[in-house]
Amino acid sequence: MTTATHPYDALMDITARPKAVFVRGAGSYLWDDSRKRYLDFVQGWAVNCLGHSPPTVAEALAAQAKRLLTPSPAFYNEPSLKLAQALVDNSAFDQVFFANSGAEANEGAIKLARKYGSLHKGGAFEIITFEGGFHGRTLATMSASGKKAFEPLFEPKVSGFKKAKLNDIGSVEKLINSNTVAVMLEPIQGESGVWPATDQFLRELRALTKAHGLLLIFDEIQTGMGRTGKLFHYEHTGIAPDIMTLGKGIGGGVPLAALLATERASCFEHGDQGGTFNGNPVMCAAGLAVLEEINTPEFLKSVSETGLLLESELQKVSARHGLGGVRGRGLLLALDLKLPIAPGIIAQAFEAGVLLNAPQLDTLRFMPALNVTKAEIVEMIWCLDAILTKAGAARRVA
Ligand SMILES: Cc1ncc(COP(=O)(O)O)c(C=O)c1O
């Protein structure tokens with residue numbers, strides 16, 4: 001046994017992290033152990049949809065924790081029944097399976113599609129996914145992802161995923177064969193830099209999958225739960241998929257995810273799917289508190305309006321500094337920097353007490369709390385502007 005020489009050393013070193021240790025959060029702000037305050041436009045990667053430690057979620061967690069932590073996944077519990085019913089009542093789906101992470105929900109979607117193939121399509125198992133897509137870090141979800149950096153890792157991958165091009169219906173059509181059972185995608189590719197599928201492309205996919213008897217799976221782990229100004233992104237398009245996965249915002253900061261399916265697609269039999277913590281009542285109580293708060297016309301309208309404000313402020317920043325376009329929808333937006341300067345900007349913003357995210361070297365991604373205020377947007381923009389001004393001056397000197 002090796003002895004950790006520093007408290008950081010006891011954790012596996014799976015990513016580069018700043019040395020700050022975060023101890024408290026409230027709304028759009030985080031504090032580290034030196035009492036430095038940060039304005040957070042990352043929010044745990046679009047997880048804290050109501051900001052840090054929202055009172056409603058904290059209270060729901062505490063109340064449920066005092067009542068019942070877990071009976072067993074093989075018994076019913078009240079919060080999971082209520083949350084499943086609320087999701088069904090507010091979506092195009094008939095049944096829900098709760099998971100602990102987005103990857104696990106997507107792993108479930110992949111299994112459900114393969115089960116459907118074995119029951120209804122002569123053993124068809126191939127799923128068409130997309131270049132640039134991201135579905136998680138389990139072996140199957142890494143295999144389903146179209147992230148270049150994943151390609152050499154953990155070979156051999158899980159087979160049965162063919163990659164099409166986003167917004168190119170012909171590229172999907174070409175990959176369909178008798179083994180195909182489903183098409184799976186993020187309506188907006190988040191990790192690869194906020195690349196939206198057009199509403200038209202999503203409608204074409206629906207028509208194509210219907211024509212071939214294939215399942216359409218939307219990974220709404222990043223786009224769901226109000227992030228784009230509708231409860232679920234598919235509502236923008238006038239069509240609905242057969243299967244949808246949710247994660248991140250659904251728990252408002254705690255590990256909760258969900259796999260939703262229409263009656264036709266919901267074909268698991270006993271023994272096919274499960275897990276010790278699935279449908280845990282404490283997590284589902286948090287999910288209920290989140291849904292209650294975000295699922296009102298006023299709240300969702302405010303997300304669209306705040307999204308438009310952030311978008312126009314980013315466009316002004318772009319115009320002032322000669323940068324590229326702004327992409328995305330609602331409060332999932334990206335700014336194209338046109339140069340690989342994103343990591344430097346992130347580091348300077350961190351020093352200045354603003355948390356930003358760079359999914360690519362030339363891209364900044366913005367995914368604040370859905371209740372972020374105008375003043376907080378102005379504060380972030382002011383900081384970003386100052387950093388870009390400094391970077392421009394440095395480039396001119398060089
Ligand atoms: C679209 C999408 N799918 C799946 C995942 C994986 O979710 P998790 O990290 O909770 O496993 C993510 C995470 O970033 C995501 O953005």
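**Exercise 1. Contacts along the chain**

Among contacts in the chain between residues at least 6 apart in sequence, what percentage join residues at least 24 apart?

Solution. The model is a predicted one. Take the contacts whose two residues are at least 6 apart in sequence. Then ask which of these link residues at least 24 apart; the share is 70%.

**Exercise 2. Overall dimensions**

Compare the radius of gyration of the chain with the value for a compact globule, and give the box and the secondary structure content.

Solution. Step one: the chain has 398 residues, so a compact globule would have a radius of gyration near 21 Å. Step two: the chain has 21 Å, which agrees with that value. Step three: along the principal axes, the C-alpha atoms fill a box of roughly 65 × 55 × 55 Å. Step four: the chain contains 11 helices and 17 strands.

**Exercise 3. Surface and charge**

Describe the burial, the exposed area and the placing of charges in the chain.

Solution. Start with burial: 52% of the 398 residues count as buried. Next, the exposed area is about 18300 Å², and carbon and sulfur atoms supply 57% of this area. Last, the chain has 39 positive and 40 negative charges, and the mean positions of the two sets are 4 Å apart.

**Exercise 4. Strand β14 and its partners**

Work out how strand β14 is covered and which strands pair with it.

Solution. Strand β14 spans residues 332–336, and 4 of its 5 residues are buried. One partner is strand β13 (residues 326–329), which runs antiparallel to β14 and is joined to it by 4 bridges. Within this pairing, Val 326 has Leu 335 as its bridge partner. The two strands make a hairpin with 2 residues between them. Gly 330 lies in the turn, where its phi is positive, about 60°.

Another partner is strand β17 (residues 363–366), also antiparallel to β14 and joined to it by 4 bridges. Here Asp 336 stands opposite Thr 363 of β17.

**Exercise 5. Glu 313**

Is Glu 313 buried or exposed, and which residues does it contact beyond its neighbours within four places in sequence?

Solution. First locate the residue: Glu 313 belongs to helix α9, residues 297–321. Its relative accessibility is 17%. The cut-off for buried is under 20%, so Glu 313 counts as buried. Finally, with the neighbours within four places in sequence set aside, Glu 313 is in contact with Ile 377 and Ile 381.

How values were computed. Residues are numbered from 1 along each chain as its sequence is written. This is a predicted model: local features need pLDDT of at least 70, side-chain atom pairs count only at pLDDT 80 or more; totals for chains, interfaces and linings use all residues. Side-chain values use heavy atoms; hydrogens and water are left out. The radius of gyration is taken over C-alpha atoms; the globule rule is 2.2 Å times the number of residues to the power 0.38. Buried means under 20% relative accessible area, exposed over 50%, partly exposed in between (1.4 Å probe, protein chains only). Contact means heavy atoms within 4.5 Å. Accessible areas come from the Shrake-Rupley method with a 1.4 Å probe; for residues, only the protein chains shown count as cover. Lys and Arg count as positive and Asp and Glu as negative; His and the chain ends are not counted. The place of a charge is taken as NZ of Lys, CZ of Arg, CG of Asp or CD of Glu. Two strands pair if DSSP finds at least two bridges between them.
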